[in-house]
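Here is a note to read alongside the structure, written as a colleague might write it for someone new to such models. Please keep the structure in view while going through the points.

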There are 2 protein chains.
Amino acid sequence: MNTAPDALSRLSINQETVAQLPLPRLAEEASALGVGGVGLWREPVRRYGVEAAAGLFAEHGLAVTSLCRGGFFTAPEGPERRRALDDNRAAIGEAAALGAPVLVLVSGGLPPGERDLGAARRRVGEALAELVPYAREHGVRLGVEPLHPMFASDRCVVSTLGQALELAEPFPAEEVGVVVDTYHVWWDERTPQLLSRAGEAGRIAALQLADWTVPLPAGVLLGRGQLGDGCVDLRGLRRAAEAAGYTGPVEVELFNESLRARDGAEVLRETVERYLRYAAE
Amino acid sequence: MNTAPDALSRLSINQETVAQLPLPRLAEEASALGVGGVGLWREPVRRYGVEAAAGLFAEHGLAVTSLCRGGFFTAPEGPERRRALDDNRAAIGEAAALGAPVLVLVSGGLPPGERDLGAARRRVGEALAELVPYAREHGVRLGVEPLHPMFASDRCVVSTLGQALELAEPFPAEEVGVVVDTYHVWWDERTPQLLSRAGEAGRIAALQLADWTVPLPAGVLLGRGQLGDGCVDLRGLRRAAEAAGYTGPVEVELFNESLRARDGAEVLRETVERYLRYAAE
């Protein structure tokens with residue numbers, strides 16, 4: 001591929017994009033393509049071994065750009081909430097061990113039987129307040145990710161970049177940022193302006209790309225589209241983040257059954273090509 | 001049922017809730033239950049005959065509270081847009097013939113290959129400007145309905161009550177209002193405040209109820225939950241509209257495969273019970 005080396009050095013591949021690749025294959029293939037980093041998920045990393053994974057990607061010259069995910073702390077005070085917060089502390093430790101600068105936080109949805117989104121969102125803020133000192137000690141930044149409003153009931157009561165910023169802003173920017181995922185925020189006319197506010201305050205902890213395609217599959221989780229297959233102005237949103245000062249990794253995160261059913265190395269190559277065509281300069 | 005008569009006189013059943021019932025059965029059953037009105041859809045009404053449908057519901061003492069739907073006018077200028085606007089004029093005529101006070105407008109999604117939501121939204125405003133004089137002449141109010149952001153690409157680029165209000169506000173309130181559907185706006189923390197703004201300006205043209213349930217089905221269109229089955233604060237949203245001055249019909253509109261597979265009269269009875277339990281005073 002005949003491209004400026006910088007274009008790929010900032011590209012990170014989230015491992016769920018090619019969940020069919022075991023970690024060593026992911027490291028080899030991503031490295032061979034000249035990609036700068038990988039975004040990791042806790043479960044496969046723990047199966048492989050956290051220290052072993054850290055060593056594997058370091059050997060291949062790949063940065064670990066994020067760890068997914070902490071969060072799911074919308075339960076009211078009680079044993080379930082305590083377990084969730086303990087698990088988030090474990091996740092912070094894992095991020096630190098991996099050298100991941102940011103732990104991505106997906107807040108969790110409405111607790112069973114509850115209808116009060118505002119109360120659940122306030123508990124997200126309380127969880128951040130409790131976790132921030134621990135994350136600071138471990139040198140890990142917390143990244144509050146808004147998820148598309150279609151996930152508000154069962155996965156993430158934080159639905160817009162504006163809400164994520166309001167949750168992050170009580171804390172220093174280097175300790176709590178926001179995770180901007182094009183799939184989740186593309187529809188919101190306030191997103192460009194909020195990207196400016198976030199970027200200028202140094203609050204963009206991570207930038208993730210996926211395209212929006214329809215029809216959505218049942219359950220809607222695995223409908224994230226390959227770059228260029230949908231209607232999201234990926235390049236425009238990346239530029240808006242960078243115009244506001246963001247210089248960090250650009251991570252492609254696709255959860256998509258049809259991509260997972262294909263040869264992983266081929267999907268990786270395609271993803272790099274699509275990134276260059278639809279998102280990079 | 002032992003309830004205040006007013007509770008049911010304001011209740012309207014959208015016919016798609018019980019799509020399995022032919023119009024005469026819908027009229028009989030809704031009338032027998034003491035429901036005040038029905039919301040209708042163009043296609044089944046046209047099959048039955050517009051004038052015949054108007055007579056049928058009038059005979060049964062049922063108001064036609066809304067007609068669904070016009071809209072789908074996001075295409076750029078050209079023959080497709082002209083056809084869409086002509087079709088909206090036909091829909092206005094049908095609403096007038098039915099005595100429906102409001103034609104519900106679903107804007108349409110992004111035209112194929114387009115990525116600019118802002119441009120598509122501006123074309124919605126231009127379509128309103130073109131249709132308003134025609135609707136005024138026919139005594140039909142246009143109701144701009146925001147649809148959940150998960151429909152932004154393929155059905156409705158108007159995703160929030162705030163956007164709908166901005167589109168409506170250049171026109172007199174009695175000519176262009178907004179359609180508030182709990183299913184589409186429940187997740188948005190600005191909704192209560194926007195309901196106040198809309199209600200106080202007399203802009204709420206219709207209030208529709210459905211609950212939010214997960215998992216969403218493939219295609220996500222037919223996932224509207226029976227009242228009480230999900231997590232939406234239906235009573236709270238209805239009260240917020242009324243606190244702002246809304247006194248019109250409250251329409252239950254469910255698109256749900258499992259409800260359509262059951263006996264329609266039973267679904268109607270259940271819907272009335274759920275309305276009283278979860279939404280009415």
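1. A good place to begin is just after helix α4 of chain B, where B:Gly61 takes a positive phi of about 70 degrees. Please bear in mind throughout that this is a predicted model.

2. The helix itself, α4 of chain B, covers residues 50–59, and its buried residues are B:Ala53, B:Leu56 and B:Phe57. When one looks down the axis of α4(B), these buried residues fall within an arc of 90 degrees, so they line one face of the helix. On the other side of α4(B), by contrast, B:Glu51, B:Gly55 and B:Glu59 are exposed.

3. What covers the buried residues of α4(B)? The covering elements of chain B include the helices α2 (23–33), α3 (42–48) and α5 (79–98), together with the strands β2 (37–41) and β3 (63–71).

4. Turning to chain A as a whole, its secondary structure comes to 12 helices and 10 strands. Its radius of gyration is 18 Å, close to the 19 Å that the globule rule gives for 281 residues, so chain A is as compact as a globular protein of that length. The C-alpha trace of chain A spans about 55 × 40 × 40 Å along its principal axes, and 53% of the 281 residues count as buried.

5. Among contacts in chain A between residues at least 6 apart in sequence, 79% join residues that are at least 24 apart.

6. Finally, the contact between the chains takes 25 residues from chain A and 25 residues from chain B. On the side of chain A that touches chain B, 15 residues are nonpolar, 6 are polar and 4 are charged.

Technical notes. Residues numbered from 1 in each chain as written. Chains lettered and ligands numbered in written order. Predicted model: local features only at pLDDT ≥ 70, side-chain atom pairs only at ≥ 80, totals over all residues. Contact = placed C-beta atoms within 7 Å. Nonpolar A, V, L, I, M, F, W, Y, C, P; charged D, E, K, R; others polar. Helix = DSSP H or I, 4+ residues; strand = E, 2+ residues; numbered from the N terminus. Rg over C-alpha atoms; globule rule 2.2 N^0.38 Å. Buried ≥ 20, exposed ≤ 12 C-beta atoms within 10 Å, placed from the backbone. Arc of directions from axis to C-beta.
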